[in-house]
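Reader: I'm new to this one and would like to learn how to read it. Could you walk me through a helix and what surrounds it?

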Amino acid sequence: MNQDHVDRVLEQWRNQRPDLDCLPMGLVGRLVRMNDLLSTQVNALHASAGLEPVEFDILATLRRSGEEVTPTRLYQTLMLSSGAMSVRLDKLVERGLIYRKPHEHDRRSCKVGLTDTGLTLIDHALTAHVANEQRLLAPLDVAQRQQLTALLRLWLQPNE
């Protein structure tokens with residue numbers, strides 16, 4: 001059987017601490033390594049589109065919403081502070097990717113939407129993003145992807 005990095009670490013632990021059940025360490029270690037490897041490649045793809053990861057997330061959230069949204073809804077969805085969201089939105093407005101307009105029922109708020117330029121950019125970036133994810137998941141067949149999805153969902157539901 002081919003070993004990955006985590007297998008080699010676990011072997012060292014088995015030699016040094018045979019009393020420990022390292023199965024959880026192996027699973028969590030692989031998830032952490034996967035996250036690091038995936039994040040690096042996904043972030044590089046977004047950077048090639050001229051987007052920082054959070055900018056991609058904002059534009060993608062606006063795109064999938066299918067409508068204008070409030071900054072509050074955006075920062076709650078993306079788990080950012082309101083201040084951080086304001087700074088990001090300002091930059092995206094300056095770049096002509098989104099617009100802000102006054103909220104029709106609340107003078108203290110506004111709504112945010114994609115400009116035509118922002119829509120074109122996120123559609124292009126999203127197509128490349130999905131193709132990249134397909135490439136990253138290529139070692140798994142469809143049934144394995146579905147099984148992994150079900151297992152991850154099973155863990156996430158009580159832990160989110």
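Author: Sure, let's begin with terms. Helices (H or I, at least four residues) and strands (E, at least two) are DSSP runs, numbered from the N terminus. The expected span of a helix is 1.5 Å times one less than its number of residues. This is a predicted model, where local features need pLDDT of at least 70 and side-chain atom pairs count only at pLDDT 80 or more, while totals for chains, interfaces and linings use all residues. Residues are numbered from 1 along each chain as its sequence is written, and side-chain values use heavy atoms, with hydrogens and water left out.

Reader: What span should helix H3 have?

Author: H3 covers residues 53-65, so at 1.5 Å a residue its 13 residues should span 18 Å, and the end C-alpha atoms are indeed 18 Å apart. Just after H3, Gly66 has a positive phi of about 75°.

Reader: Which residues of H3 are buried?

Author: Buried means under 20% relative accessible area, exposed over 50%, and partly exposed in between (1.4 Å probe, protein chains only). In H3 the buried ones include Phe56, Ile58, Leu59 and Leu62.

Reader: What does Leu59 touch?

Author: Contact means heavy atoms within 4.5 Å. Setting aside neighbours within four places in sequence, Leu59 contacts Leu51, Leu92, Leu97, Ile98, Leu114, Leu121 and Ile122.

Reader: And how do I read a core?

Author: In soluble globular proteins, nonpolar side chains tend to be buried together. A nonpolar core is a set of buried Ala, Val, Leu, Ile, Met, Phe, Trp, Tyr and Cys residues joined through side-chain atoms within 4.5 Å. Here the largest has 21 residues, and H3 gives the most to this core, with 6 residues.
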